[in-house]
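Hi everyone, thanks for coming. Let me put the structure up, and then I'll walk you through a few parts of it.

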Amino acid sequence: MSLKILGIESSCDDTSASVLCDTKLHSNVINTQQIHEKYGGVVPELASRAHQQNIILVVKEALSLANTKLSEIDAIAFTLGPGLLGSLMVGASFAKGLSVSTGIPLVGVNHLHGHVLAHMLREKDEDAFVAKFPYLCLLVSGGHTQIVLVKDYLSYEILGKTIDDAAGEAFDKCAKVMGLGYPGGPVIDRLAQIGNKDRFSFNKPRIDGLDFSFSGFKTSFLYSLRDNLKQNSAFVEQNINDLAASLQKTIIEILLDKLVKAVKLTGITQIAISGGVSANSGLRKELSDLAFAQNWNLHLPKIKYTTDNAAMIALVGHFMYLCGKISDPDVVPQARLDFLNINVL
Ligand code: KG4
Ligand code: ZN
């Protein structure tokens, strides 16, 4: 008999629901909140409010697209954390209400576990389910930058992480000072396509081990902009493509330098990438070239599964349910959920 999981994700500004049957997706609905654009970043109170408005519609649509009745669902997997507490509360409360009223078991999922398995998501029977352990996952999102050693579906070790900003934050902050919209990553990606990436250079960190840092780069970018703007007030507009390409190149180099180091240290050549920044076309291209040159086996998630989505939550929920990791009804979301804490039940 097949296992059907309803996934619910609401950790930040995407309200999403998905139906997963065994390891195959039957639906994945994402409502990305537009309200934050004009504020240049996610406004937590507005995010919770928008989740409240969206959640019923999104879940209904996910069930309907999957042609699935609630009575056919075996478990409800929802994002327990980390994330914005008010946003998490909406998804968690909805999932708990649904569970209490139907008797369907609940599975509280760590959002980051979802990201590291995202490249395994598949929609068609003919797409092979690829899971090769152990692998190294470069997890690059708006809130996290980590190299994770994934030993099994639910067994992880963090080899390195950022000591200050995340890679997505670096993209977003640089975009903000140049007057570009939020989120800045996709805008920079687009502008960089016709820019000269070698035109400007910015500082890269010198940090031992596998940890990352983006604050030095960010400061050097800001100072360079400030100095150039003193000479020419139209500096940003006149050089926007080269600025985007050069800053993107620096962020990519910072990420890939550490990934190369991690491969050398562990000898593991199965490589995956995940999180919103893994949608970046420059990063995907450089990483693909590197993997080819180094003979690594690269697992890229589809673009639609790089940013936040309920499909990845349902996939982790699938494996947790199979291991009997069912949440108690009094489980509460946690804004700062530890990556390694699987037993949050
Ligand atoms: O994984 P995600 O949707 O949310 C978090 O869990 O943080 O990641 C959002 C981040 C934002 O910082 C956004 O600017 C970045 O991913 N991002 C990108 C691209 N698409 C999204 N960064 C660079 N290039 C992109 N194409
Ligand atoms: Zn995320």
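Let's start at the metal. The zinc ion (ligand 2) has three protein residues as donors, H111 (NE2), H115 (NE2) and D308 (OD), lying 2.1 Å from it. Donors here are N, O and S atoms within 2.8 Å of the metal (3.2 Å for Na, K and Ca), and water is not among the atoms, so sites may look incomplete.

Before I go on, some housekeeping: this is a predicted model, where local features need pLDDT of at least 70 and side-chain atom pairs count only at pLDDT 80 or more, while totals for chains, interfaces and linings use all residues. Residues are numbered from 1 along each chain as its sequence is written, chains are lettered from A and ligands numbered from 1 in the order in which they are written, and side-chain values use heavy atoms, with hydrogens and water left out.

Back to the zinc ion (ligand 2). What is the spacing of its donors along the chain? The pattern is H-x3-H-x192-D. The angles among the four donor atoms run from 94 to 138°, and the site is irregular. For the cut-offs, four donors count as tetrahedral if all angles lie between 85 and 135 degrees; four count as square planar and six as octahedral if opposite donors are over 155 degrees apart and all others between 65 and 115; anything else is irregular.

H111 and H115 sit four residues apart in helix α3 (residues 111–117), about one turn of the helix. Helices (H or I, at least four residues) and strands (E, at least two) are DSSP runs, numbered from the N terminus. Are these two histidines buried or exposed? Both H111 and H115 are buried, where buried means under 20% relative accessible area, exposed over 50%, and partly exposed in between (1.4 Å probe, protein chains only).

Next, helix α5 (residues 184–192). Seven of its nine residues are buried, so α5 is largely enclosed by the rest of the structure. Among those buried residues are V187, I188 and L191. The buried residues of α5 pack against α4 (167–177), α7 (235–266) and α8 (281–294), with contact meaning heavy atoms within 4.5 Å.

Now for helix pairs. Helix α1 (residues 44–65) packs on helix α2 (residues 85–102) at an angle of about 30°, and their axes are 8 Å apart. Axes are lines fitted to C-alpha atoms, for helices over the stretch in contact, and angles run from 0 to 180 degrees between N-to-C directions. α1 and α2 are therefore roughly parallel to each other; angles under 35 degrees count as roughly parallel, over 145 as roughly antiparallel, 65 to 115 as roughly perpendicular and the rest as oblique. Where they meet, α1 contributes residues including H51, I55 and V59, and α2 residues including V90 and F94.

Finally, some backbone details. Most residues other than glycine have a negative phi, and most peptide bonds are trans. A cis peptide bond links G81 to P82, with omega about -10°, and P82 lies in the loop between β4 (75–81) and α2. Another cis bond runs from Y182 to P183, with omega near -5°; P183 is in the loop between α4 and α5. As for positive phi, D22 has a value near 55° and is partly exposed, at 32% relative accessible area. N295 has a phi of about 65° and is exposed, at 67%.
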